[in-house]
Structure formats: C-alpha cells, structure tokens
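Q: I'm new to this one. Can you walk me through it?
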Amino acid sequence: MSVQMEVETEAGAAPIKEEIPVLDLGPFLAGEDGAAERLAAELRYAQENIGFYFVTNHGVPMDLIRRGYAELESVFALPMEEKLKLRATGTRPGYVPPNSVIYVNSPVNKNTKADLNEVLRYVNERPDDHPGRIAGRRFHGPNPWPENLSGFKETIKECHHALAALGRRMLPLYALALDKPANFFDAMFDDPLWTTRNSHYPVMEAEENQFGISPHQDHGFMTLLPLSDVPGLEIRTRAGNWINADHMGEDAIIINTGEFLNRWTNGRFLATPHRVNPPKKDRYSMALFFNPSPDTIADPLDTCVSEDNPAKFEPISIYDYMCWYVDRNYPPEAGGKRTDIEPKG
C-alpha cells in the first residue's frame, strides 16, 4: 500500500505520480506467521526507493502524542527569558532559539539563512552513575526541564520512550530487509543513543532561501515522527520533486533513514532530503532519532558490498558522526561549533 500524489509538471506534460509507502505493522506486532518477512520486503522497497514510509497500527498511543503536542505548545508559549533558562550549551541538550541553525551539509540546496523554528533538543537521559555521564560525553544528559509546567516532563518523557520502543520493535525488520538474521542489530542497541527534536514552527514571513527547517538529511539510523495536523513537511524524491508528506491521518507515524544507516548500508538505504516550509498556523513536531549504542561502528555491511558496489564509506561510530553533524550545523549557543551564526534568542 502507498499514498500516491500527482506532481505538477510543465503545461501540457502528463502529471508525474510519486508515492510514499504505507506499512501496516499490525500483523507483525501480533506475531502472525510470515508477517516479519513480508513486512521486511516492503521495508526494503521503501528504503531502497523512497527513504520514507508511513506506519499504521504501530502501537504508539496517539492520545499520548496529542497530549505531548499540547505540552509543547505550552512550553514554547513561555516568555523567551524562561525558555533561555533551558538553553543548550556545550554538552547539555536543551532549548535552541529561532535563527540558530544552518544545515550547511545539505546535498540538495546551498542553505544560507538560519532556520525559523525553535527547538527543545532532549536526549536519552542516563542516570548520574552511567559511564557516559561520568565521562561528560555528549548526548547523555541531563536534560533541562521547565520548573513551572506541571506534567510537562512526565508527558514528554513518556512520548519519547513510546517512540523509542517502536524503533526497537522495528529492528528485526531492518535486519531481515538487509539479509541478516532478525536479531542482528539487537546487541548494538543495548544503550541506544537516541535524541529528540521537539519543534515549534511559528507563522513567520521567510526571506529568500529561508525555511522552517531547510533542506537536509537526518544524521542517524532512523527517524520516527508522529504526523502533525498542520502541513509543512516535504520530501525530495529521487526524481527531484518535492512532495508533501502530510497525506495520512494523524494516527500515522512517518519514518525515514538517516545518514548513519545510509553509510552502514553502503548507500543501499536512502537518506532522503526533506524540509519544512513556514506554516500558515503554528506547527509542532516531535522527531525521535533512534540510534545504536555510542561506540557502534558503521562499517558497510557485507550484504551491501560487492565487486560492482565496493565499500564507499570509511567506518565511523555513531557518537563521532553525531558530534560532527551537530558541530557543523549548530553554533556554540546551540551545542555546536559554528562561529558564523548569531542566534536571535
């Protein structure tokens, strides 16, 4: 099953049809015989041809997600001075004001203007005695939480853990789709380095070549994004067309491949560019980047390498790749190392 869209073409030319596959997880999650193999084949097609797909019957409580979006609306409505108390700095995740990020590593657009969205970047928060916390490693926490929003922390954490649990349940499908045993990825996700991007896209007039979030590819293994009821997300297809990705009901979740998995599969699974245009009403989103344990190395898999398709990428850990990605696109005030952006927070 897929959602098909007609793309506008030059006058007189036949319309082009593009698609985003829809994967029904119900039979697989119910443990039906053969469901994993059938779904893995659908996943393989989606990842090798589009890089994005919708999932339905996924088991994530959507009433919880809707409560999470309501909490995001509340936190982003706080005065700027309150939001800046949560600001991301150095190794700490947290608040990133508007006009703070330029995705300079975009393969499809020369991004020159800082994005209009504001973000709360939260991570898989480890306990104080976790080795990564003791060593001061990035993306391990602690997360800064607002003090005067009752229920915010509990609801947002529950949303994130529900999405991360779905990511973990998807791992056997990814393994089978890559011609590996179903448990191939399990040990590599024993301490997942997932992070989240909780965003507000305000109604603003964009300058030329400016976006809610500019054309980019995600950094990690997979991204899980519950759909917003406000359109704006667009995907660039292999044919070079930008198509709107808000063509499913609110109960669907859209999933895409990041650059780390693209490297790991030697380019076989696509990391597809996407963007968000400034919306006509305030838009909120909650993206979870589900990644393996920090020292997991993306060394092109043997099932993705051949004489005709030799290894294209040098091995690198997810931790090092995430550091490179953030440092290249974010200024110090947002946790990166760029010095040519002046956030307007």
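A: Sure. Start with one pair: Ser199 has Ser285 in β13 as its bridge partner. Keep in mind that this is a predicted model.

Q: How many bridges pair β6 and β13, and in which sense?
A: Seven bridges pair β6 and β13, in the antiparallel sense.

Q: What else is joined to β13? I see strand β8 there.
A: Strand β8, residues 222–226, is joined to β13 by three bridges, and the two run antiparallel. Within β13, Phe290 stands opposite Met222.

Q: Is β13 itself buried or exposed?
A: Mostly covered: eight of the eight residues of β13, which spans 283–290, are buried.

Q: Which residues are on each face of β13?
A: One side has Arg283, Ser285, Ala287 and Phe289. The other side has Tyr284, Met286, Leu288 and Phe290. Both faces of β13 are covered, and all of these residues are buried.

Q: New topic. How many cavities of 30 Å³ or more does the structure hold?
A: Three cavities of 30 Å³ or more. The largest cavity has a volume of about 420 Å³.

Q: Which residues are closest to the centre of the largest cavity?
A: Of the 31 residues lining the largest cavity, Tyr103, Arg197, Asp218, Ala287 and Phe289 are the closest to its centre. Ala287 and Phe289 came up a moment ago, on one side of β13.

Q: Which element gives the most to that lining?
A: β6, with five residues in the lining of the largest cavity. Others that each supply at least two residues include β5, β7, β8, β13 and α8.

Q: What about α8, how long is that helix?
A: Helix α8 has 12 residues, 318–329, and reaches 17 Å from its first C-alpha to its last. That is close to the 16 Å expected at 1.5 Å a residue.

Q: Why is α8 largely enclosed by the rest of the structure?
A: Because nine of the 12 residues of α8 are buried. Among them are Tyr319, Met322, Cys323 and Asp327.

Q: What covers the buried residues of α8?
A: The cover includes β5 (118–123), β6 (195–201), β7, α7 (259–264) and β15 (316–317).

Q: And β7, which sheet is that in?
A: β7 belongs to an open sheet of four strands, in the order β7-β12-β9-β10 with antiparallel pairing. The edge strands are β7 (213–216) and β10 (242–244), each pairing on one side only. Neighbouring strands of this sheet are turned by 20° against each other on average, direction ignored.

Q: What joins β7 to β12?
A: Two bridges join β7 to strand β12, residues 274–276, and the two run antiparallel. Val276 in β12 stands opposite Ile213.

Note on methods
Residues are numbered from 1 along each chain as its sequence is written. This is a predicted model: local features need pLDDT of at least 70, side-chain atom pairs count only at pLDDT 80 or more; totals for chains, interfaces and linings use all residues. Side-chain values use heavy atoms; hydrogens and water are left out. Two strands pair if DSSP finds at least two bridges between them. Axes are lines fitted to C-alpha atoms, for helices over the stretch in contact, and angles run from 0 to 180 degrees between N-to-C directions. The expected span of a helix is 1.5 Å times one less than its number of residues. Buried means under 20% relative accessible area, exposed over 50%, partly exposed in between (1.4 Å probe, protein chains only). Contact means heavy atoms within 4.5 Å. On a 1 Å grid over the protein atoms alone, a cavity is a set of points where a 1.4 Å probe fits but cannot get out, and a pocket is an open set with protein on both sides within 12 Å along at least five of seven lines; lining residues have an atom within 4 Å of a point. Grid points are joined across faces, edges and corners, and a volume is the space filled by probe spheres set on the points.
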